[in-house]
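Me: I am new to this structure, and I would like to understand the reasons behind the terms used for it. Could you take my questions one at a time?

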Amino acid sequence: MNFKTIGIVISREYLNKVKKKSFIWTTLLVPILVAGLTIGVMVAMINTKDKTRTIAVADASGIVLPYLTDTETIRYTDVSDMPLDSVKARLGALGYDGVLSISALNIEEKTVQADIFSNKPFGMELTDNINARINRAVEDYRISSYNIEGLDQILKDVKANVRMHAYTLGDDGEEKISEAGVYSILSMVLGIFLFLFVTLFGGMVMSSVIEEKSSRVVEVLVSSVKSTELMFGKIIGIALVAMTQFLLWIVLSVAIIGIGGAAIGFDKLGGGDTTQMVSSMGGMDAGQIEAMTAQIGEQSEFATVLNTLRAIPWGQLIGLFIVYFVFGYLLYASMFAAIGSAVENEGDTQQLQMPLTIPLLLAYMIALYAFRAPDSSIAFWGSIIPFTSPIVMISRLPFGVPTWQLVVSIVLLVATFALCAWASAKIYRVGILMFGKKSTWKDLWKWLKQK
């Protein structure tokens with residue numbers, strides 16, 4: 001192959017793609033959407049409050065109503081002296097959003113039955129809040145039924161609230177704090193990103209090949225360059241387009257989030273009174289709120305997350321992400337190019353594309369499981385087998401992978417890419433000039449065997 005010719009094809013493919021309006025608009029809009037979604041979700045989660053609901057309470061037990069104190073979003077009204085059916089029939093007219101019915105106290109089991117009726121379903125936050133307060137009322141009743149002086153305080157004193165802190169030990173014995181949730185989220189994000197990139201840009205290669213073949217442009221191109229040079233130039237050119245777009249997405253997203261956060265005020269995103277935040281969880285008395293507030297002050301979850309993120313070897317992680325992205329993309333892009341050369345329109349690709357789609361979907365499903373059990377057999381083999389390893393291995397990396405597994409995985413991936421690229425080039429050479437016939441796997445096998 002003539003590398004100078006491949007370079008010309010790469011340049012042509014790259015410039016054609018980046019000059020398209022669709023590329024420019026996608027590159028600009030995606031970071032804006034990501035930044036808007038990120039800031040919007042943070043603001044909504046912290047500052048958005050549900051509208052105030054008025055709940056009528058018919059308490060036949062006599063123990064629950066005192067625990068149903070008003071909050072910013074719930075107002076309680078005692079209607080125990082009114083017929084329940086009458087209240088249910090006239091909820092809207094009476095100005096109530098719902099009616100909570102508490103049964104008479106079951107003396108033997110020391111419990112009550114609770115039912116809430118409304119014209120529209122309530123959100124989980126409201127129902128969890130009410131349910132927690134009912135449970136608290138029943139628990140206190142049970143404690144008082146033992147007639148042991150100070151039992152309530154004794155139970156509070158013996159209740160443990162220990163939070164285990166996890167650390168990882170480096171080769172030099174250095175201790176680094178680690179939070180499993182951070183690794184799990186990072187694992188999922190990396191796996192999903194790689195899956196999307198490989199399928200998105202691999203499909204772009206196939207579409208580009210089909211477009212040139214259906215328009216007969218390829219007949220002019222192959223008169224000047226070899227078909228294999230055209231294929232590899234196209235694959236590498238689109239790979240550069242993918243990396244350009246990916247880097248621009250990162251830079252623009254970070255910039256927009258930074259500017260937007262500064263304009264809004266990061267204190268609005270993460271600030272606020274801790275006690276008020278805890279109390280919004282509902283179902284807690286003043287003592288519980290005070291204890292949890294103290295715990296949050298003593299050990300900040302945010303600080304733990306930051307320390308965990310600092311302990312991650314980002315250089316190694318980013319380097320391996322690029323390696324698996326490049327060779328994973330090249331592996332599938334070469335096969336997508338071969339399929340694109342065998343058809344004249346995208347509607348004919350479904351049957352031929354299925355054997356490529358199944359391994360990608362399988363890798364995606366294993367990657368979603370890998371963050372739960374990164375060293376399980378299915379995760380191990382998924383990270384070794386070349387057709388799934390780019391997505392699965394990258395999902396295991398945050399949890400630490402032995403060097404020998406990385407070496408074996410990368411060597412097999414590169415070797416498989418070389419083999420598939422050679423086979424795809426043979427199919428591409430014949431298929432790109434075949435017109436007027438719907439190709440099958442039998443045809444591809446025949447082209448592969450041609451010398």
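Me: What makes the contact of R136 with D140 a salt bridge?

Reply: In this predicted model, the closest N and O atoms of R136 and D140 are 3.7 Å apart, and a salt bridge asks for a side-chain nitrogen of Lys or Arg within 4 Å of a carboxyl oxygen of Asp or Glu, so the pair qualifies. Both residues lie in helix α5 (residues 124-145), four residues apart, which is about one turn of the helix.

Me: Why is R136 called buried, and why is D140 called buried?

Reply: Buried means under 20% relative accessible area; R136 has 15% and is therefore buried, and D140, with 16%, is buried as well.

Me: How do you know that E13 forms a salt bridge with K234, and where do the two residues lie?

Reply: Their closest N and O atoms are 3.0 Å apart, which is within the 4 Å that the term requires. The pair links distant parts of the chain, with E13 in helix α1 (residues 3-18) and K234 in helix α9 (residues 227-264), 221 residues apart. E13 also forms a salt bridge with R12, where the closest N and O atoms are 3.6 Å apart, and a network of salt bridges links R12, E13, K17 and K234.

Me: Are the residues E13, K234 and R12 buried, exposed or partly exposed?

Reply: Set against the limit of under 20% for buried, E13 at 2% relative accessibility counts as buried, and so does K234 at 0%. R12 has a relative accessible area of 29%, so this residue is partly exposed, a term for values between the 20% and 50% limits.

Me: What makes W25 exposed, and which nonpolar patch includes this residue?

Reply: W25 has a relative accessible area of 53%, and exposed means over 50%, so the term applies. W25, in helix α2, forms a nonpolar patch on the surface with L29, I32, L33 and I256, and together they have about 510 Å² of accessible area. Helix α2 (residues 21-47) supplies the largest share of the patch, four residues.

Me: Which residues line the largest cavity, and how many of them are nonpolar, polar or charged?

Reply: The lining consists of V198, G328, Y332, L360, F387, P390 and I391. Six of these residues are nonpolar, one is polar and none is charged; Gly counts among the polar residues, so G328 is the polar one. About 30 Å³ of space lies in this cavity, and α14 (314-341) and α17 (389-396) each supply at least two residues of its lining.

Me: What makes α17 mostly covered?

Reply: Eight of the eight residues of α17 are buried, among them P390 and I391.

Note on methods. Residues are numbered from 1 along each chain as its sequence is written. This is a predicted model: local features need pLDDT of at least 70, side-chain atom pairs count only at pLDDT 80 or more; totals for chains, interfaces and linings use all residues. Side-chain values use heavy atoms; hydrogens and water are left out. On a 1 Å grid over the protein atoms alone, a cavity is a set of points where a 1.4 Å probe fits but cannot get out, and a pocket is an open set with protein on both sides within 12 Å along at least five of seven lines; lining residues have an atom within 4 Å of a point. Grid points are joined across faces, edges and corners, and a volume is the space filled by probe spheres set on the points. Buried means under 20% relative accessible area, exposed over 50%, partly exposed in between (1.4 Å probe, protein chains only). Patches are made of residues with over 30% relative accessible area and no salt bridge: like charges are joined within 9 Å, nonpolar side chains (Val, Leu, Ile, Met, Phe, Trp, Tyr) within 5 Å. Accessible areas come from the Shrake-Rupley method with a 1.4 Å probe; for residues, only the protein chains shown count as cover.
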